[in-house]
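Me: Could you take a close look at one part of this protein for me, namely its aromatic rings and what surrounds them? I would like one connected walk through it, with the cut-offs spelled out.

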Amino acid sequence: MVDLLDGVEWRVTPGLSPYADTLAEMEARAAAIRAGEARELIWLLEHPPLYTAGTSAAEEELLAPDRFPVFRAGRGGRYTYHGPGQRVGYVLLDLEKRGRDVRCFVSGIERWLIATLGEFGIEGRSEPGRVGIWVGKGAEEAKIGAIGVRVRRWVSFHGFSLNVNPDLSHFSGIVPCGLGEYPVTSMARLGATAGMEAVDSALLRHFPDLLGRLGQSSCDAGDS
């Protein structure tokens, strides 16, 4: 556990965290942040294999409903997969004091992940109209990171997932984020052999840049 800029708590939970318990704790923490009873939080963890459905999820995009547990997440977006080897980051920030700009917030998360990937020789990018992090071009284009956030009373929760070294075959049970024409990939598939601890260290180094962007008048999604 680390204290960061502006008193944000940085938490890394080892092992596999049950999704339902994690979701309950995250929602309770978001409410406590709004009430002024808890600090903001970046929470990094891994889940056992599961699918989550965002608020825009279409049932026909769940291709294997009996393969893994399915949870209604309450975040934005469609179906996504979580599992071992994937770094999940829950981002609980008080946007009331950080500019009330959700587009800037999402753009900032994208830039944060892109900078992190850059430390491992991976050129990530955002794409207009497609939230998330992408690599490659043409036939090699693939998604390496997903973003799905929710904001309640100007406190953010949920966050991102970054494919470090998950079992990519597990994504075949869904249409990931509703974008069936694009495959998913991972840092390991692209030749980056870094472990989760190294990825977490890179995330930590670049996190202050996200906070610095929030509330800036020049910050908008088109700048990502």
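Reply: Happy to help; here is a walk through the aromatic pairs, then the helix contact and the loops around them.

First, the ground rules: this is a predicted model, in which local features need pLDDT of at least 70 and side-chain atom pairs count only at pLDDT 80 or more, while totals for chains, interfaces and linings use all residues. Residues are numbered from 1 along each chain as its sequence is written, and side-chain values use heavy atoms, with hydrogens and water left out.

A pair of aromatic rings is described by the distance of the centres and the angle of the planes. Here, rings of Phe, Tyr and Trp (its six-membered ring) pair if their centres lie within 6.5 Å; planes under 30 degrees apart count as stacked, over 60 as edge-to-face and the rest as tilted. The count by this rule is 11 aromatic pairs. One of them joins Y81 and F171, edge-to-face, with 5.0 Å from centre to centre and 65 degrees between the planes. This pair links distant parts of the chain, 90 residues apart: Y81 belongs to strand β6 (residues 79-82), and F171 to the loop between β11 (155-163) and α3 (196-213). Helices (H or I, at least four residues) and strands (E, at least two) are DSSP runs, numbered from the N terminus. Both Y81 and F171 are buried, where buried means under 20% relative accessible area, exposed over 50%, and partly exposed in between (1.4 Å probe, protein chains only). For F171 the relative accessibility is 7%, so this residue counts as buried.

What else does F171 touch? Leaving aside neighbours within four places in sequence, F171 is in contact (heavy atoms within 4.5 Å) with Y81, Q86, N163, P166, P176 and V184. The C-alpha atoms of F171 and E25, by comparison, are separated by 26 Å, with their positions 146 residues apart along the chain.

Next comes the pair of W134 and Y182. Their ring centres are 5.2 Å apart and their planes stand at 70 degrees, so this pair is edge-to-face. Distant parts of the chain are linked here as well: W134 is in strand β9 (residues 130-135) and Y182 in the loop between β11 and α3, 48 residues apart. W134 counts as buried because its relative accessibility is 0%, whereas Y182, at 22%, counts as partly exposed.

R130 joins these two rings. A charge sits over a ring if NZ of Lys or CZ of Arg is within 6 Å of the ring centre and within 35 degrees of the ring normal. R130 lies over the face of W134, 4.4 Å from the ring centre, and its charged end also sits over the ring of Y182, 4.2 Å from the centre.

T185 is found in the loop between β11 and α3 too, and at 5% relative accessibility it counts as buried. Not counting residues up to four places away in sequence, T185 touches V135, A142, K143, I144, N163, L168 and L190.

Now to the helices. W10, W112, F160 and F207 form one aromatic cluster, and two of its members, W112 in α2 and F207 in α3, appear in the contact of those helices. The axes of α2 (residues 102-118) and α3 come within 8 Å and cross at roughly 145 degrees; axes are lines fitted to C-alpha atoms, for helices over the stretch in contact, and angles run from 0 to 180 degrees between N-to-C directions. From α2, residues including F105, I109 and L113 take part, and from α3, among them, V199, L203 and L210. By class, this contact has 11 nonpolar, 4 polar and 2 charged residues (Ala, Val, Leu, Ile, Met, Phe, Trp, Tyr, Cys and Pro count as nonpolar, Asp, Glu, Lys and Arg as charged, and the others, Gly among them, as polar).

M196 is also found in helix α3 and is buried, at 17% relative accessibility. Its contacts, not counting residues up to four places away in sequence, are E46, G85, Q86, R87 and V164. The C-alpha atoms of M196 and G118 are separated by 15 Å, with the two residues 78 apart along the chain.

Finally, a word on the backbone. Most residues other than glycine have a negative phi. R100, in the loop between β7 (86-92) and α2, has a positive phi near 50 degrees and is partly exposed, at 45%.
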